[in-house]
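Thanks for sharing this one with me. Here are my notes, written to be read with the structure open beside you.

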Amino acid sequence: MLRRYRGNELPALFEAVSFSLEHLQPWMPWASIEPLEASLAGFIEQAVTQFDRAEGFNYALWSKEASALVGGAGLHSSLGPGRIEIGYWVRDGWLRRGIASAAARALTATAFSMPTIEEVHIHCDVANLASAAVPRKLGFRLLQIVDSEITAPNETGRTAEWVVDREEWLAGAATTA
Ligand SMILES: CC(C)(COP(=O)(O)OP(=O)(O)OC[C@H]1O[C@@H](n2cnc3c(N)ncnc32)[C@H](O)[C@@H]1OP(=O)(O)O)[C@@H](O)C(=O)NCCC(=O)NCCS
């Protein structure tokens, strides 16, 4: 289940991220910020404000019974008008069960429910094979590979930009319906 942040998620988020540092820190710069708990509290506060203002849409991913926070995903408007970018991470112990793919699929459909959105992007370092497998599986196409700033230890400084436009998504949805 994807649920927008409401402000009371810190204990569950801190537990999930603390437990997952080994696979998050190589790729996610925010996972190395100390003190982690205070940093995550700031993230939640910002996520609530951004969502309220429709400036960004961050969600916690919960297990079916809402007993465990199993990851995070969001729609980010940093690419400018008409385009939106998806980000995701999954808690250790819940990897390779299709959670990131399911979240990205739901967020792509949500993005295209907004009439102003023409393209949905997923950007990841070329060495992040687990991340790239998600857009590939969902039918995104590789638009380009660009130089980028290295912000986490395993990054190479080359970012793969995956994209799907509205027409491609609707055509794909029609064939997989
Ligand atoms: C990337 C990440 C979110 C994937 O989450 P996940 O829930 O395990 O992914 P899914 O189960 O939906 O898997 C999607 C596809 O990726 C493949 N995959 C997952 N982990 C993989 C790995 N380590 N190596 C290669 N392929 C991998 C799966 O096999 C699956 O493809 P398939 O269904 O055709 O077999 C997770 O590995 C993670 O949290 N990584 C650290 C944070 C991160 O890098 N976020 C993205 C930043 S751009």
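The points below go from the sheet to the helices and then to the loops.

1. Before anything else, please keep in mind that this is a predicted model. Treat each point as a description of that prediction.

2. Let us start with the sheet. It is an open sheet of seven strands in the order S1-S2-S3-S4-S5-S7-S6, and the pairing is mixed. Which strands stand at the edges? They are S1 (2-4) and S6 (141-147); each has a single partner strand, so one side of each is left without a neighbour in the sheet. If you look along the sheet, neighbouring strands are turned by 30° against each other on average, direction ignored. As background, strands of a sheet pair through backbone hydrogen bonds, either parallel or antiparallel.

3. Next, follow the pairing around S7. Strand S5 (residues 119-125) and strand S7 (residues 158-165) run antiparallel and are joined by seven bridges. Two positions in this pairing are good to find on screen: His121 stands opposite Val163 in S7, and Ile122 stands opposite Trp162 in S7. S7 also runs antiparallel to S6, with six bridges between these two strands. Here you can pick out Ile145, whose bridge partner in S7 is Ala160.

4. How many of the seven residues of S6 are buried? The count is zero, and S6 is hardly covered. This fits well into your picture of S6 as one of the edge strands of the sheet.

5. Now place the helices on the sheet. Helix H4 (residues 99-112) packs on the sheet and touches S1, strand S2 (56-62), strand S3 (69-76), strand S4 (83-90), S5 and S7. The direction of H4 makes about 160° with that of S4. Helix H5 (residues 129-138) lies across S5 and S7, and runs at about 160° to S5.

6. H4 and H5 also pack on each other. Two packed helices are described by the angle between their axes and the distance between the axes. For H4 and H5 the angle is about 50° and the axes are 10 Å apart. That angle makes H4 oblique to H5, and their crossing is right-handed. On the H4 side the contact is made by Ala100, Ser101, Ala104, Arg105 and Thr108, and on the H5 side by Val134, Lys137 and Leu138.

7. What about the other helix pair? Helix H1 (residues 10-19) and helix H3 (residues 36-52) pack at an angle of about 125°, with their axes 10 Å apart. H1 is therefore oblique to H3, and this crossing is right-handed. From H1, the residues Leu10, Leu13, Phe14, Val17 and Ser18 meet Leu36, Glu37, Leu40, Ala41 and Ile44 in H3.

8. Let us turn to the core. In soluble globular proteins, nonpolar side chains tend to be buried together. The largest nonpolar core here has 36 residues. Those with the most contacts inside it are Ala73, Ile86, Tyr88, Ala103, Ala104, Leu107 and Ile122. Tyr88 is a nice one to explore: leaving aside its neighbours within four places in sequence, Tyr88 is in contact with Gly71, Gly72, Ala73, Ala100, Ala103 and Ala104. You have already met Ala104 in the contact between H4 and H5, and Ile122 opposite Trp162.

9. Leu21 makes a useful contrast to look at. This residue is in helix H2 (residues 21-24). Leu21 counts as partly exposed because it has 14 C-beta neighbours inside 10 Å. If you compare Leu21 with Lys137, the two are 116 residues apart in sequence and 25 Å apart in space, C-alpha to C-alpha.

10. Finally, please check the backbone in three loops. Most residues other than glycine have a negative phi, and most peptide bonds are trans. A cis peptide bond joins Glu34 and Pro35, with omega about -5°; Pro35 is in the loop between H2 and H3. Ala54, in the loop between H3 and S2, has a positive phi near 55°. Ala54 counts as exposed, with 9 C-beta neighbours inside 10 Å. Arg96, in the loop between S4 and H4, has a positive phi near 60°. Arg96 is exposed too, with 9 other C-beta atoms within 10 Å.

Conventions: Residues numbered from 1 in each chain as written. Predicted model: local features only at pLDDT ≥ 70, side-chain atom pairs only at ≥ 80, totals over all residues. Pairing = 2+ DSSP bridges. Helix = DSSP H or I, 4+ residues; strand = E, 2+ residues; numbered from the N terminus. Axes fitted to C-alpha atoms, helices over the stretch in contact; angles between N-to-C directions. Contact = placed C-beta atoms within 7 Å. Core = buried A, V, L, I, M, F, W, Y, C linked by C-beta atoms within 7 Å. Buried ≥ 20, exposed ≤ 12 C-beta atoms within 10 Å, placed from the backbone. Parallel < 35°, antiparallel > 145°, perpendicular 65-115°, else oblique. Left-handed = near helix turned anticlockwise from the far one by under 90°.
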